[in-house]
Every structure is written in structure tokens, then in C-alpha cells.
Amino acid sequence: MSWKANKQFTSLFLFSNIYSSTLYPFFQIFILAQVLDIIQKHHGVTMAEVAVYGILFAIVSLINIALTSLVNFQGFYKEVGFDMYIDKLIIQKLTTLDPQTFEKPSFQKLLAEVEAARGVLSAQIDRLTGFISAIAKTLTAIFVLLPLFPIFIPLILVSVVPAYYIGDVSRKRMWPFFTSKRTVVTRVTQYVKTLLSQDSTSKEASIFHTGAIMQHKVTIEQQKYLRDYKKINDSYASGILGANIFQFCVFLLTQYINLVAVVKGTLAVGQFTLAFQQSQNLATGSQGILDMYSSMKNRIQQIEKFFTFFDYQPAITSPQEPKILPTSPVPPIIEFKNVSFRYPKTERDILKNFNVILNSGEKIALVGENGAGKTTIIKLLLRFYDVTEGEILVNGINIKNLILEQWHSKVGALFQDFIKYQFTFKENIYYGNFEEKNNEDLLKDAIAKSGADKYLESLPDGVNQIVGKMFDSGIDLSGGQWQKLALARAFFRNAPILILDEPTAAIDAKAEYEIFENVQKLQKDKTVLIISHRFSTVRNADRILVLEDGKILEEGNHETLMKKKGLYAELFEIQAKGYK
Ligand SMILES: Nc1ncnc2c1ncn2[C@@H]1O[C@H](COP(=O)(O)OP(=O)(O)O)[C@@H](O)[C@H]1O
Ligand SMILES: [Mg+2]
């Protein structure tokens, strides 16, 4: 992925790394060795004799300076660019997934793990670069030592094994502290920070003084984490110390042999220096190979989360062989036929043998207690979930046979938890129908119908006013003002079917009444499905469905239902009394 993000830079980064960690020190010591040897051989050495080495030294050093500054300069780009690239991929993937997927706790967990793994991903690339540099370093050292002291090679290679082994075993046990255990602490911390600082929660936290209690919760998690980590870390400390001392003793032995050779005069001083440095390099290089390998091995598991995420398929997909939606009538007739439904992995039927026909252009209200299944009906109609039994027909065609995007384009829906886009007023509206973003008439119309025109005048920048407090110069709106803005978005969509699932709870009863009167009058040619707890709104609908336990208990217009003196009449009376 990093490769794709920036090919040239990755190659440059790799080369620069190998150059400065391996080649450059080698050239330096090689040149120094040559100079020392010349000086040692005959005493009256002239500058001309060593000048060529001086020039060589200057060249290799300049290359090193150029490479490191180039990488430094681009390092920022690499880090930020890579992070941005990953974000782009994540957002791209999220747009292909559906509400049913997002409602799964297992998916939310995966998403958190992917976020946590992104650091691992870039670290893995650094490890890979380190791994390749370490190989280059080791090979160079072997190449240099082979003609001088071949015995050093097996000695040093064996000397690094104990430290690697202990490191590998301990790393396996410490790894959860960098991943799963770490995310537990960060998630609790993040949650507490959000609770204390968010507009929506800080008020309650403030009057109940929960700050100190929350802080204590975080401290406990942190302490537990550090304590457990220290315990494991300590259990390996003496082993690692021993292994390092062993490695050092082997190194001392090799350098003893090296020193004996130079003292005896069988080895030139320059060669001695070279052998000394390359022995060190062989140790650090081979240790690097093993370390990077062990570290990469652990990271791979974490990185697999990325692949699981990017392979994730939406719960609902369009059919292989879609059917065409018959063009008449518009709006289409919608029929729920013997529909039963239960949420995946649950036991309870939310809808049981549910039957209803929504006629073309009808204004239907859905009422019923919380949890009666109203929103579920909408989710099924929008095919966020598939029915467990029965079918939903649109102009006679099962919605499972329609292309999903085409079906969704026929519906404008607004939910209780609609989006408050922290962008401009205008964007909040035209996101309902991006293709029509320059349609001024449609915009004005939608603003007027929703009642948002009432407060638009008070916004300093008019329709270009940034709303919400998230970004600079944003002006926050009241709950009711937000709802009107969201309604404008639904109207702007101008789809033949309009669904409003309690988006108006924060609007006062009179304003809601006016909005829906507007809807009835102005949306004559549309099918409108309204869910509201306000009977003043509901009573104007062509037909009211009273839902209880996933079944239609009563249906008819306001007058019929009042005459029937059933649940509707009872609830209506209670609310009417409250208003008197
Ligand atoms: N994603 C879900 N998984 C499991 N149960 C759910 C899910 N969403 C809603 N429910 C349950 O379905 C029932 C109906 O919910 P809903 O349709 O939202 O009710 P209403 O909109 O009428 O208040 C409730 O008991 C709710 O707990
Ligand atoms: Mg609901």
C-alpha cells in the first residue's frame, strides 16, 4: 500500500536507509583504512598520495548529506501522505457498506481495530526497510571479514541467537500490550474525554461532578496496564541481560584475535580498524535481521485486520439479474405482503404477518408506542434489512429484485437521528439531491416548505452560513432549527416517496402542524409516510395506521378511528387533555 502511495519515495527511502546505515560507514572506514595503511607503510608520505582518498571521502559524504536531507524533507510527506491515503481507502470502503453492517457490534470492533492498526502498518514498512538494510549491512560485513578473519562470521552469527530467542519469546507476550490491551486503555480514556468535553454530555457531567470519578476510572485502567506490562518485562530482564553479555564476550574474543594479529604485524592498522568496525556491523546487522523478522511476524496478524476490513461486503446487495420498476403509477404502489421480521441473531418477531398497501400519492401516518416497530418498517422498506418472511412489492415487483440505488433514489427519508452537517446552510439542503445543487428555485421552495426561511434571515451569511459549532465561524442552531434544515433537505430531494420518521420532535407543536399542512398541500403528487407522536399532525393524514406489537391494530382516517373508540381515540384524548 505504501508502495502504491508513493513509489519513488519508497525506493528513495529504502536506498537512503541502506546507504547511510551500511554503505556510507563502510566507505568511510574503507577510505580511512587505506590512508592509515599508506601512512604506516612509509613515513614521508605526501599530500598528493592521499588526495584522491580525500576527494573520494568528500564525494561519498556529499551523497550521504544529499540523501538524508532529501529523505528528511520527504519524510513528512511520506508519513502524512500515507496516513491520508489510508483514510481515503477507509472512507471509500465505508461508503460501500450499509446501515445493517454498521449496526453490528462486531463490525464496530473491527473498525476500532483497523484504526489502531494503522500505526502498525506504517511501522511495518519501516521494519521492512530496516530488514533490507540489515541484510545489506550483514552481507557487506561478511564480504569484508571473509578474507580477513573467516572464523569471525560463525562466531558472531551464533552469538546473536540467544538474544534473538529471548527477544522473540518476550515480544510475543508483550505484543498484546501494544495492541488489544492498549486499545482497552485508549478507548476508555477517549470515552471519558468525550463525556467530559462534548456539548451533549458535559452539562450532566458538570452538575453531577462526575469528572473526578471518571478520572479515577482512567487511572485504574492505566495503572493496571503498566503494572501488567512491567511484570512481564521484568521476567525477561535478566535473560536479556545475560544474552547481551554473552554476545559482548564473543565480540571481545574476536577483537582479541584481531588485536593479536595487528600487534604481531600480520595485519595493517587500517585493516584492523576495518575488521573491528565490520565485526560490529555483522553483529548489529544479523541482530537486526532477526529482530525485524520477529517484529514483522507479530505485526502481520494485526495487519490482517485491514484485509478483513477491506474485504467486508455489505449485508444487502443489488440482485444479479435486476427487474425494471414499472413506470406507472408514480409514486409507485407499495405493498407489504405477509411480512414477518426479526433482527439477525435475535429471537423475537418485530413484525408478524404484517399486511398493508400504501397507495400512490397517499398520505399515511404511522402511530404506536416506542418499540412498536415503526422505524423497523421503514428500514425494511428501504431494504436496510431483508424481510424474514413474506415480501415487499413496489408496483408489483419484489424490492429484492430492484437495483438498490435506483430504489433509494425514489425515496426521500428523514430520521429522528438525521445528520447535522457542520457545513453551510445550503449544503445541508442540497446534500439531499446533489445533482440539483444549482437549482435555486428548488432550493427556495424546500426552504419555504420546511419553515427554515423563518430563521434564515437572521444568519449573517445567509444560505452560505456555516452552521454548527465544529468549524470556525460556525453558528449553532437550536434543535428545532436543525430539524427544519433537515426537512428542507428531504423536500429538496423531490422524490416521489417521502418518509419522515419523527424528525420533528424538537419543533413546537404549532410549527410542526404548519409544516405538515404544507406537506399535505404541497406534496399532493407524492406518497408521504409520517411517523409522529403528535396527533395534531397525524390527524390530517388520509389514513392512520395504529401499530401494536408489530401488527396493525386499527386503521382509517381520524374521524373513523375516533368513532371506533379504540386505542387511537384513547391516546388522542389523553394528548388533547394535556393541551387543554
Ligand atoms: N438493530 C436491531 N437489532 C435488534 N433489535 C432491534 C434493532 N433495532 C431495533 N430493534 C428492536 O426492534 C423493536 C422495534 O424498534 P423500532 O422499530 O425502532 O421501534 P419504534 O420506531 O416503533 O419505536 C424494539 O424492541 C427494538 O429494541
Ligand atoms: Mg422509531
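**Group meeting: a walk around the ligand site and its sheets**

Okay, let me start with a turn: β9 and β10 make a hairpin with two residues between them, and Asp549 in that turn has a positive phi of about 50 degrees. When I say strand or helix, I mean DSSP runs numbered from the N terminus, with strands (E) of at least two residues and helices (H or I) of at least four. Two strands pair if DSSP finds at least two bridges between them.

Quick housekeeping: this is a predicted model, where local features need pLDDT of at least 70 and side-chain atom pairs count only at pLDDT 80 or more, while totals for chains, interfaces and linings use all residues. Residues are numbered from 1 along each chain as its sequence is written, and chains are lettered from A and ligands numbered from 1 in the order in which they are written.

Back to the hairpin. β9 (residues 543-548) is joined to β10 (residues 551-556) by five bridges, and they run antiparallel; Glu548, for instance, has Lys551 in β10 as its bridge partner. On top of that, β9 pairs with β3 (residues 363-368), this time in the parallel sense, again over five bridges. There, Gly368 sits opposite Leu547.

Hang on to Gly368, as it turns up around ligand 1 too, along with Glu103, Tyr343, Asn370, Lys374 and Thr375, among others. "Around" here means a C-beta atom, placed from the backbone, within 6 Å of the molecule. Which element gives the largest share of that shell? That's α12, with three residues. By class, the shell has seven polar, three nonpolar and two charged residues; Gly goes with the polar ones and Tyr with the nonpolar ones in this scheme.

So what does α12 lie across? Helix α12 (residues 374-381) lies across β1 (334-341), β2 and β4, at about 115 degrees to β1. That angle is between N-to-C directions, on a 0 to 180 degrees scale, with axes fitted to C-alpha atoms, for helices over the stretch in contact; contact is C-beta atoms, placed from the backbone, within 7 Å.

Those strands belong to an open, antiparallel sheet of four, ordered β2-β1-β4-β5. β2 (351-358) and β5 (397-398) are at the edges with a single partner strand each, so one side of each has no neighbour in the sheet. β5 is joined to β4 (residues 389-394) by two bridges, and Leu393 has Asn398 as its partner there.

Last, the overall picture: the protein chain has 21 helices and ten strands, and its C-alpha atoms fill a box of roughly 120 × 55 × 50 Å along the principal axes.

Note on methods:
Two residues are in contact if their C-beta atoms, placed from the backbone, lie within 7 Å.
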